[in-house]
Amino acid sequence: MKSLQLTHQRACAVGNNTWLLAIHPDIGSIMATDGGSSSLGLPCVFSPKSRQYLALCAQDGRLRIWNTDIKTLNQEYVPSAHLSATCTCISWGPCRKAKEGPQRKKRKSEAGQVENQVDLLALGTAAGSVIIYSTVKGALHCTLDGGHSGRVNCVQWHPEDCLLYSGSDDTHIVEWDLQTGKARCKWKADRASVTSLCVSPDGKLLLSAGHTIKMWDLETKEVYRKFTGHSTAVTTLRFATMRPPDSNGLYFLSGAAHDRLLSVWQVREDGKDKNSVVSFNLTDEPQHIDIFTSNSKEEAVRLAVVCKDGQLHLFEHFLNGPCKKPLSPSCTVQMAGVEDSPVPVPLLAAALTTDTHSLLLAYGNHLQPVMERVEVNTAERHVCLTRDVHATLSLTMETTVSKVKTPVVNAKSKVLVPGLPGHQATVKGALGSEKRKGTDAKEMSIEERLGKIEMSAEKGVKGTPSLQTDNFAVLLVQGLESKDANILNKVFQTRKDILIKKTVARLPLPAVLPLVEEITKRMQGHPYTAVLMVRWLKAVFMLHTSYLASLPDLVLQLGVLYHMIESRVKMFHKLTKLHGKLYLLMTQVATSDSGNKVKDVDHTAKLVYEEESSDDDDASGDEGLPDEDSDVGGSADTGAVGGMEYRLIVKLFIK
């Protein structure tokens with residue numbers, strides 16, 4: 001990626017800190033080059049009105065609520081089925097007076113603060129259920145089951161009544177009554193999945209969308225208007241004005257998947273509202289939208305749109321009729337790091353404030369977001385904010401939310417705690433008579449202790465004892481922290497697969513990624529070392545795949561390892577072919593050589609057997625023979641046939 005050439009710089013004061021605003025003319029093309037690798041489409045929503053809290057669900061399925069004022073993690077909730085039924089959407093409920101249960105009496109100064117407190121939070125899941133979480137109680141409020149048979153894509157609260165609306169892949173909309181915890185009404189919305197919902201500010205109309213946008217009358221549950229114009233599934237619906245529809249002043253906006261336009265629709269009294277009246281240009285698909293609605297024609301609509309590529313676009317427009325050309329953003333904001341080659345920092349969400357120059361931003365990753373209130377000069381078309389994200393991250397959690405208690409156990413019991421053995425020791429409490437300061441228990445002397453050590457050594461295995469798995473894990477962590485090559489060589493020289501698996505299994509999670517980096521570094525060396533490292537890498541992937549998959553920058557961390565493996569495996573197929581051809585040639589050569597080594601055959605007879613003829617045979621043989629004086633045949637030949645003995649010659653041919 002090309003580096004950012006900053007043409008303008010401007011100081012911006014936020015609180016007690018001074019930040020640097022850098023203006024870049026080609027910010028749009030730079031973010032497009034990055035490919036939008038920041039946003040993962042995970043739910044991320046600010047609380048209404050005060051914007052005091054930021055609720056988001058990360059890759060691990062946990063709900064985290066951050067306090068934007070003090071920049072700390074306020075609450076964390078783990079659903080019972082957070083792995084199988086992940087959170088798909090989040091929606092804050094309207095401010096209400098929360099009931100905290102039996103607690104101490106409130107002071108008069110505190111009584112007024114509870115009236116407008118943000119409490120309930122609705123979470124849609126992939127299993128079809130809706131979870132209602134209470135931020136005041138810090139616990140689950142209720143679970144709404146039985147309404148949907150498919151994935152819940154969107155949830156929306158009614159602004160006044162205790163009602164909640166949810167849309168799902170089963171093409172239905174369910175109206176939930178939170179007082180009873182049951183479905184109040186359910187109706188089929190479209191042929192396709194319901195991907196987005198929005199309730200009007202007066203609570204009388206409901207927008208639903210799949211491929212077609214429909215406006216419903218909530219009293220009769222009938223379609224009031226239909227709007228078509230998106231070729232893909234609509235993912236965002238927002239009302240832009242608070243005026244009634246009968247005055248031709250009701251507007252709403254919509255955004256769709258893979259669509260770089262944000263469309264604005266007008267609800268006309270005569271029903272002539274087939275096409276959108278205004279379009280806003282974006283650099284990518286809209287991911288998060290915050291809007292300040294308009295109450296009159298003289299008041300402009302303010303809009304903040306965070307796109308999938310991590311950029312923030314600010315719009316300000318008066319909705320008083322159609323506009324032919326798409327509107328460009330009045331200001332585009334991008335975050336970048338402070339490295340020599342700046343890398344774009346993804347924006348997760350943005351919230352508008354009453355001050356037109358002030359914004360509340362959330363950037364970084366979903367596991368550790370950074371929240372900040374900034375002052376932006378909207379007169380500039382492109383603004384780049386440089387931040388050191390790693391130095392700004394804070395993971396402090398309030399002690400009132402999560403309390404860690406250390407158990408007091410008996411000396412005879414054994415407690416298994418997470419982490420490495422030997423790094424954490426259990427607190428041994430004095431129970432019963434041990435609490436008294438008596439002198440019954442005599443302390444052992446040093447000589448007695450040494451004697452017990454010698455006795456235990458004699459009972460052990462003869463010879464030099466090998467390192468245990470626990471010691472291997474401790475040594476490996478120490479070597480990774482200190483980067484001591486001698487310790488790491490001692491650990492990595494083992495070839496026992498069982499020992500390697502147990503060592504990797506006992507590693508703490510923070511040590512997994514440094515271990516992968518060390519393995520990658522050693523695999524680039526001699527092939528003999530690479531063969532040993534493959535066993536460790538296999539054990540890491542088998543035991544810690546879930547943790548590695550939850551890392552947001554996994555591609556960057558394992559990129560070197562992936563390319564190295566690809567380069568080494570690239571020639572394996574060709575080498576296999578070459579090995580097969582050489583094997584065939586060597587086989588043919590060996591066969592021909594063995595044929596040439598055959599010895600010459602000896603044709604001489606190894607055994608000669610002579611059989612003497614009997615007298616009867618001689619007499620019978622002479623009767624039919626001609627006389628010696630006759631000319632028939634040769635005398636020599638005839639005598640050979642009749643007078644000579646038969647011979648039987650046996651020839652044995654041995655190789």
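**Exercise 1. Strand β24 and its neighbours**

Task: In this predicted model, determine which residues of β24 point one way and which the other way, and whether they are buried or exposed.

Solution.
1. Val301, Leu303, Val305 and Cys307 point one way from β24. Arg302, Ala304 and Val306 point the other way.
2. Residues under 20% relative accessible area count as buried. All those named on both sides of β24 are buried.
3. Seven of the seven residues of β24 (residues 301-307) are buried, so the strand is largely enclosed by the rest of the structure.
4. Strand β23 (residues 286-292) pairs with β24 in the antiparallel sense, over six bridges. Within this pairing, proline 286 has cysteine 307 as its bridge partner.
5. Strand β25 (residues 312-317) also runs antiparallel to β24 and is joined to it by six bridges. Here leucine 303 stands opposite phenylalanine 315.
6. β24 and β25 form a hairpin with four residues between them. Glycine 310, in the turn, has a positive phi of about 95 degrees.

**Exercise 2. An open sheet**

Task: Find which strands stand at the edges of the open sheet β11-β12-β13-β14.

Solution.
1. The order of the four strands is β11-β12-β13-β14, and the pairing is antiparallel.
2. β11 (152-157) and β14 (182-188) each have a single partner strand, so one side of each is left without a neighbour in the sheet. These two are the edge strands.
3. On average, neighbouring strands of this sheet are turned by 20 degrees against each other, direction ignored.
4. Strands β12 (residues 163-168) and β13 (residues 172-177) are joined by five bridges. Glycine 167 stands opposite isoleucine 173 of β13.

**Exercise 3. Aromatic pairs**

Task: The structure holds nine aromatic pairs. Classify the pair of tyrosine 77 and tyrosine 133, then the pair of phenylalanine 492 and tryptophan 536.

Solution.
1. The centres of tyrosine 77 and tyrosine 133 are 5.0 Å apart, with 35 degrees between the planes. Planes under 30 degrees apart count as stacked and those over 60 as edge-to-face, so this pair is tilted.
2. Tyrosine 77 is in strand β6 (residues 72-77) and tyrosine 133 in strand β9 (residues 130-134), 56 residues apart. Both tyrosines, 77 and 133, are buried.
3. Phenylalanine 492 and tryptophan 536 have ring centres 5.2 Å apart and planes at 80 degrees, so their pair is edge-to-face.
4. This second pair links helix α6 (residues 485-492), which holds phenylalanine 492, to helix α9 (residues 527-543), which holds tryptophan 536. Phenylalanine 492 and tryptophan 536 are both buried.

**Exercise 4. Two helices**

Task: Describe how α8 and α9 lie to each other.

Solution.
1. The axes of α8 (residues 512-523) and α9 come within 9 Å and cross at roughly 155 degrees.
2. Angles over 145 degrees count as roughly antiparallel, and α8 and α9 are therefore roughly antiparallel to each other.
3. Their crossing is left-handed.

**Exercise 5. Two lysines with positive phi**

Task: Locate lysine 49 and lysine 71, and state how exposed lysine 49 and lysine 71 are.

Solution.
1. Most residues other than glycine have a negative phi. Lysine 49 has a positive phi, near 60 degrees, and phi of lysine 71 is also near 60 degrees.
2. Lysine 49 lies in the loop between β3 (44-46) and β4 (53-57). Its relative accessibility is 71%, so it counts as exposed.
3. Lysine 71 lies in the loop between β5 (63-67) and β6. At 29% relative accessibility, lysine 71 counts as partly exposed.

Technical notes
Residues numbered from 1 in each chain as written. Predicted model: local features only at pLDDT ≥ 70, side-chain atom pairs only at ≥ 80, totals over all residues. Heavy atoms only, no water. Phe/Tyr/Trp six-rings, centres within 6.5 Å; stacked < 30°, edge-to-face > 60°. Buried < 20%, exposed > 50% of the residue type's maximum accessible area, 1.4 Å probe, protein only. Pairing = 2+ DSSP bridges. Axes fitted to C-alpha atoms, helices over the stretch in contact; angles between N-to-C directions. Parallel < 35°, antiparallel > 145°, perpendicular 65-115°, else oblique. Left-handed = near helix turned anticlockwise from the far one by under 90°.
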